[in-house]
Each structure stands twice: as structure tokens, then as C-alpha cells.
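Visitor: Please take me close up to one part of this model. Start with a single contact, then work outward from there.

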Amino acid sequence: MSTEGSTENNPSQDFIREIVHGDLASGKHNEIVTRFPPEPNGYLHIGHAKSICLNFGVAEETKGRCHLRFDDTNPAREDTEYVDAIKQDVEWLGFTWHEQPFYASDYFDRLYGYAQELIRQGKAYVCDLSAEAFMQTRGTPTRAGENSPHRDRGVEENLILFESMRRGEFDDGSKTLRAKIDMASPNIHLRDPALYRIRKVTHHRTGDAWAIYPMYDFAHCLSDAIEGITHSLCTLEFEVHRPLYDWILEQLDLPRPLPRQIEFARLNLGYTVMSKRKLLQLVQDGDVDGWDDPRMPTLSGLRRRGVTPQAIRHFCQRIGLTKFNALTDIALLEHSIREDLNRCALRVMGVLRPLKVVIENLPEDYVEMLEAINHPEKPEEGSRQLVFSREIYIETDDFMEDPPKKFFRLQPGGEVRLRYAYILKCEEVIKDADGNIVELRASIDPESKRGGATSARKVKGTIHWVSASHAVDAEVRLYDRLFTQEEPDAQKEGKDYRSLLNPDSMVKLEGCKLEASLGEASDQTRYQFERLGYFCADQQSNQDGKPVFHRTISLRDSWAKAKG
RNA sequence: UGUCUGGUGGUGUAAUGGUAGCACAAGGCCCUUUGGAGGCUUUGGUCAAGGUUCGAAUCCUUGCCGGACAGCCA
């Protein structure tokens with residue numbers, strides 16, 4: 001099995017790495033500088049992880065550097081809460097950025113100067129059109145737009161007006177600074193795009209210093225140039241913006257070679273949504289518990305759920321990088337999660353839906369310590385002692401009164417191996433007045449423990465258990481996919497993606513019985529509850545001394561598949 | 001009737017004019033005191049039609065199908 005650091009498909013490179021290595025080989029660049037440029041208006045999700053792994057990965061591999069840059073040019077939607085969360089998530093994934101984080105807002109002065117320069121060159125002008133008029137004169141993809149009546153304002157007038165905009169002398173939205181390119185361009189983004197808009201909003205870093213803020217298209221390319229970014233990697237929807245990206249940089253006196261924008265396909269994952277807008281809506285509507293709800297595809301949600309950064313990085317490596325707009329099978333992520341958890345999780349036993357079993361051929365006060373190993377493939381993880389006694393709990397699902405063929409577990413009169421312990425035989429089924437099974441009476445084969453005379457006896461199944469009087473009570477939360485449809489965004493009109501929320505995406509189980517060692521579980525430790533799945537303790541909701549565990553993911557279950 | 005861009009097994013990706021390979025998923029077998037893990041194995045693919053070539057997933061032509069773009073969002 002391949003492990004850390006190893007690049008699967010080692011010799012092959014994606015198209016971006018080919019370009020990067022080509023630019024190094026040709027001498028175009030001596031050092032590669034990339035950037036990860038989130039807007040601090042939401043939490044990072046696994047789609048961002050793809051970009052993070054790409055940008056930081058390319059920098060690492062080429063001994064270059066990658067800047068974390070906050071693209072904070074729209075103060076109305078941005079907040080330091082997001083800045084902090086983003087930093088935490090990037091670090092959690094295991095990447096370190098060059099020096100301090102960068103901020104587009106640190107360049108506001110210089111960007112303003114570049115805008116003035118464009119005005120002086122006659123390539124930008126102040127436009128008085130309202131947003132509505134702006135829209136109406138822009139044309140459509142198939143119809144050219146019309147020139148703004150203010151397009152030919154003189155340089156001096158433009159400079160003065162722009163300065164007044166900056167000082168807040170005009171109302172929000174009353175004027176914009178626009179590039180003067182071509183209103184008939186087949187590319188709408190070249191039809192005199194807005195460069196600055198008036199927004200009298202307090203910025204989370206610059207306060208009230210500015211009444212105008214630069215647009216993405218203006219700020220991003222220039223921020224890249226200012227930082228000496230060599231390759232500006234972004235998602236496909238910016239493909240159409242690239243001519244504008246290049247146009248702005250080419251007009252100005254900037255160090256060459258200029259940064260090059262290269263687009264790749266964003267990650268689409270089945271059974272979830274990946275837009276910050278929709279994720280925010282789920283949070284605001286209370287459909288989930290917050291950005292870090294374990295059902296969310298956010299990095300904070302995945303973290304809280306118990307997914308490891310290593311699993312995410314491996315996943316990002318596996319999904320590849322192309323310009324094809326793909327829908328990635330959620331099974332691929334699940335595989336990466338299981339693979340890493342199998343490697344690192346400590347094995348323990350816990351019973352989620354307890355069924356009491358009384359072992360009648362054991363005395364009332366019987367107590368025996370049994371050794372259990374912590375990890376079958378890692379002897380260095382050692383072992384622990386389990387308490388075995390007369391009354392135990394087994395999983396309700398592990399007993400069937402009238403089982404189908406190929407059911408390897410316990411049934412009336414049948415035998416099963418108790419993990420790390422004895423062979424157990426079901427002698428009697430106790431039911432309540434309504435006919436519900438409430439308890440089993442059983443016996444053990446006292447010689448069947450490992451090393452015992454009958455230990456080699458063949459029994460079909462092995463089940464997990466905990467000692468009734470020594471078990472820890474816990475709440476366990478099971479998670480499933482957030483949506484019932486693989487493509488919640490791609491529904492026929494009228495069907496809102498929120499109507500496709502999976503009502504069973506979280507199931508809370510109370511009264512679960514866990515082996516004693518889990519009473520002091522650290523939230524950093526990943527566990528495998530044997531035969532059930534991977535779990536981790538919750539750091540937040542550990543109320544009234546009762547631990548809460550999340551099921552990160554179930555084990556592969558070929559029995560579930562077999563019975564359909 | 002616009003511009004940009006893409007189409008390789010069920011899914012995601014490799015092959016850069018020379019044996020269509022890998023991973024996931026699915027099926028089978030072995031092993032197993034986790035129906036886990038692991039090992040072995042099978043099924044299954046170049047959007048279509050022409051052309052160039054000894055040879056095409058790759059180059060050319062035409063067609064078909066998909067995605068992005070009409071925020072003073074990023």
C-alpha cells in the first residue's frame with residue numbers, strides 16, 4: 001500500500017505541473033510562486049482543499065513558495081471570523097505559508113495608483129451610469145453593448161472625479177471607474193468592466209479609510225503581479241476573465257514576466273453542495289449546526305467529524321487535475337478516509353444498540369481481565385485489559401431469532417465467538433409482554449479462550465461486547481450523506497436543493513455502552529469501534545460528563561451488501 | 001445566430017503518433033478471533049463519421065453532446 005509523501009502515478013504529471021516545470025526548464029522563471037487566495041466570507045470546504053493542495057503542493061515540489069492571500073475587496077460580506085477560520089484550516093491541512101498572510105487590502109493604495117495610471121493613459125474613466133443603466137447598456141452574449149455617455153471624459157476630469165469617489169463625496173453606487181476597452185467585444189468581461197465601485201462600508205482591516213473598493217478583476221491580477229506570483233491557478237469559471245486579467249497587467253509598468261493565469265476544474269462531490277452561498281444558507285436556516293457541523297463538506301466540519309488531514313490530502317492527490325468538469329464519486333473520499341483511519345485508529349469495543357446477555361454458567365461476581373490488542377497491524381500500539389463478567393451487552397443487530405442463511409452471528413441455540421473472549425451459546429430468549437426481545441440467557445465454553453483446550457473450535461462469527469457493569473454510557477451520533485440526491489444543485493427548476501436534505505443525515509443514539517477505556521477518550525484520538533466503524537470523541541458537546549462520539553464513517557460492510 | 005472551454009470503462013484519471021494503464025466502485029476466490037484489514041482475480045472504455053499515416057485516444061475536417069460567461073460578487 002502506498003503511504004505518505006509518495007505520489008501515486010509518480011511519473012505522470014498534471015497539465016499545470018507540466019507548464020510549471022516547463023517554465024523552470026526554459027528559464028522563464030527561477031522560482032515558482034503560487035498563491036491561495038480565499039475571500040474571507042465563508043469557511044473553507046473540501047473543494048478549497050483541492051486548490052490548497054495544488055498551490056502549496058506545486059510550491060513545495062519546486063522549492064518555491066505559496067502565499068496565503070485574503071482577497072478582501074468586498075467588505076460588505078467579509079469578516080475576521082472567516083480570516084481566522086481559514087488560517088486554522090490551512091494549517092490543519094499541514095501547509096505553511098510564506099511569511100505572514102497577505103491581504104489584497106494591503107495593496108489598496110497601490111491599486112489606486114494603478115487605476116490613476118490607467119486614467120492618465122486614457123484607458124479608464126469614471127462612469128455615472130446607475131447599476132441598472134450599466135446592465136442595460138452592456139448588451140448580451142450575442143448582442144454588442146453601447147458606449148457609456150461618459151466614456152470620453154477628459155483625463156483631468158476623471159482624475160478629479162475618481163479622487164472625489166475615493167473621499168466619499170458621492171453616494172454608493174452612483175459612479176464607477178470603468179476600464180475603456182471595447183463595448184462590442186464578444187467577451188462580455190471586456191465591455192468596459194467596472195474596476196472600482198463606491199461602497200461606504202467599514203472594512204475589517206482598513207476601517208473607514210476607503211469609500212471605494214476595487215473589483216476582483218482589477219485587484220486580483222495586480223495583487224498577483226505585486227507579489228511576484230508566477231502562476232495564478234484558479235477554477236474554470238475564471239477562464240472568460242483571463243483576457244481581462246492579461247489586459248490590465250499589460251497596460252501597466254510591472255515587472256516581467258507577468259503572472260500567468262491557468263484554470264482547472266473545481267471539485268464537485270456527490271450528495272453535497274460546494275458553494276459558499278449554499279453552505280451559508282444551510283447554516284443560517286439551521287439545517288445544520290454551524291459551519292463545523294460534521295455533515296458539512298467544510299474542512300472544519302470534516303475535522304470535527306474525525307476525518308484526518310492526511311486523508312484529505314490523499315484524496316486530493318487521487319482525484320487528479322484536469323479541465324474536465326467532473327462529478328467525483330463520494331466513494332473515493334470515503335475510501336481515502338477509511339484508508340487513513342485504518343492505519344491510525346486504535347481498536348476498541350463499543351455497543352451502540354445494547355442487548356443484555358446473562359451468562360448463566362458464570363458466578364454473579366465473576367470478573368476476569370482479558371487482553372485486547374490496540375492495533376492489529378501495529379504491535380507497538382500495545383494492548384489493554386478488558387473486563388469480562390457475567391452480564392454483558394452485545395449489539396442488538398448481532399442476534400436474530402429467525403435468521404436468514406449466511407447470518408454468522410448469534411441465534412437461539414447457536415454459538416458465536418466473543419471477541420478476545422469465549423465462545424458463547426444462546427440458551428434462551430427473554431421477551432417482554434409485547435414480544436420484544438429484552439435479554440438473552442447464555443453460556444460460555446470455559447475452555448474456548450485463546451490458548452484454551454477448545455479455542456480452535458470453529459464458530460462462524462465473532463461479535464463485539466462490553467461488560468454491563470463496567471461499561472461507560474455515551475451518546476453516539478451517526479452521520480450519513482447530507483442530501484438524498486447525488487446532484488442537489490442540478491435539480492429541475494422549482495425543486496430547491498434544500499428540499500433534498502436527507503432527514504436521516506444525523507442519528508443520535510443514547511445509552512450506548514462503551515468499553516471502560518473510552519471514559520477518558522481524547523478528542524485527538526481516532527478509534528475504530530470494532531466491526532462498526534471509525535469514531536472520535538466530540539470536543540464541544542461533552543455535556544454532563546457523558547462522552548459524545550461521532551461516527552466518522554462506517555466500516556465496509558459486506559454483510560449489509562449481501563443481504564441487499 | 002456570440003465568446004471561451006471540454007468529451008478515455010459505472011466514477012475519477014494516465015498514455016504527449018507505437019501493447020489503452022491506474023485508482024475507486026462492482027463481481028469471484030483465498031485468508032481472518034473485526035462479515036474490518038490484507039492477498040489474488042474477473043467484468044468493463046477512447047462521443048460519432050470521414051481523412052492523414054506502416055501505425056491515431058493523440059494530428060486534420062465535419063458533426064454531436066456538455067460546462068462557463070450578460071453582479072457595481074469572488
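**Where protein meets RNA**

Guide: Begin at isoleucine 319. A polar atom of its backbone lies 2.9 Å from a sugar or linking oxygen of RNA strand B. Keep in mind that this is a predicted model.

Now widen the view. There are 73 residues around RNA strand B. Glu18, Leu129, Arg138, Phe408 and Gln528 come nearest. Which parts of the strand face the protein? Look at the strand's atoms within 4 Å of the protein: 65% are sugar or phosphate, and the rest belong to bases.

Bases take part in polar contacts too. Go to histidine 241. An N or O atom of its side chain is 3.2 Å from a base nitrogen of RNA strand B. Then find glutamate 530. Its side chain places an N or O atom 3.3 Å from a base nitrogen of the strand.

Which elements build this surface? At least two residues each come from α5 (131-137), β6, α11, α12 and α13 (558-562). Helix α12 gives the largest share, with 4 residues. That makes α12 our next stop.

Helix α12 covers residues 330-344. Check its length yourself. It has 15 residues, and each adds 1.5 Å, counting one less than the number of residues. The expected span is therefore 21 Å, and the end C-alpha atoms are 22 Å apart, so the two agree.

Look just before the helix. Aspartate 329 sits at its start, with a side-chain oxygen within 2.9 Å of the backbone nitrogen of alanine 331. Next, see what is hidden. The buried residues of α12 are Ile330, Leu333, Ser336, Ile337, Arg338, Glu339, Asp340 and Leu341. That list mixes leucines and isoleucines with Arg338, Glu339 and Asp340. What covers them? The cover includes the helices α2 (46-61) and α11 (309-319). It also includes the strands β10 (346-348), β23 (526-529), β24 (533-537) and β25 (548-554).

Step back to the domains. Chain A is divided into three. Domain 1 is made of three stretches, 1-100, 218-269 and 306-344, while domain 2 is 105-214 and domain 3 is 348-470. The centres of domains 1 and 2, taken over C-alpha atoms, are 30 Å apart. Their contact takes 25 residues from domain 1 and 28 residues from domain 2.

Go inside to the largest nonpolar core. It holds 39 residues. Leu111, Phe162, Leu177, Tyr196, Phe218 and Leu222 touch the most other members. Several elements give two or more residues each, including α4 (108-120), α6 (155-167), α7 (216-227) and β6 (194-198). The largest share, 7 residues, comes from α4. Both domain 1 and domain 2 supply at least three residues to this core.

Follow leucine 111 as an example. Setting aside residues up to four places away in sequence, it touches Ala104, Tyr196, Pro214, Phe218, Ala219, Leu222 and Ile226. Apart from this core lies another, of 37 residues. Cys53, Tyr103, Met274 and Leu333 are among its members. You have met Leu333 already, as a buried residue of α12.

Met274 leads to histidine 45, since the two are in contact. Histidine 45 lies in the loop between β1 (33-36) and α2. Buried or exposed? Its relative accessibility is 4%, so histidine 45 counts as buried. Its side chain reaches the backbone nitrogen of glycine 47 at 2.9 Å. Beyond its sequence neighbours within four places, histidine 45 also touches Lys276, Leu279, Pro297, Thr298 and Leu299.

Now move along α2 to the loop that follows. Lysine 63 is in that loop, between α2 and β2 (65-70). Lysine 63 is not a glycine, yet its phi is positive, at about 60 degrees. At 72% relative accessibility, lysine 63 counts as exposed. Tyrosine 271 also has a positive phi, near 65 degrees. Find tyrosine 271 in the loop between β9 and α9 (276-284).

One last backbone detail. Arginine 256 and proline 257 are joined by a cis peptide bond, with omega about 0 degrees. Proline 257 lies in the loop between α8 and β9 (260-264).

Definitions and conventions
Residues numbered from 1 in each chain as written. Chains lettered and ligands numbered in written order. Predicted model: local features only at pLDDT ≥ 70, side-chain atom pairs only at ≥ 80, totals over all residues. Heavy atoms only, no water. Core = buried A, V, L, I, M, F, W, Y, C linked by side-chain atoms within 4.5 Å. Buried < 20%, exposed > 50% of the residue type's maximum accessible area, 1.4 Å probe, protein only. Domains from an automatic or database assignment. Contact = heavy atoms within 4.5 Å. Polar contact = N/O pair within 3.5 Å; in protein donor to acceptor, adjacent residues only side chain to side chain. Near = heavy atom within 4 Å.
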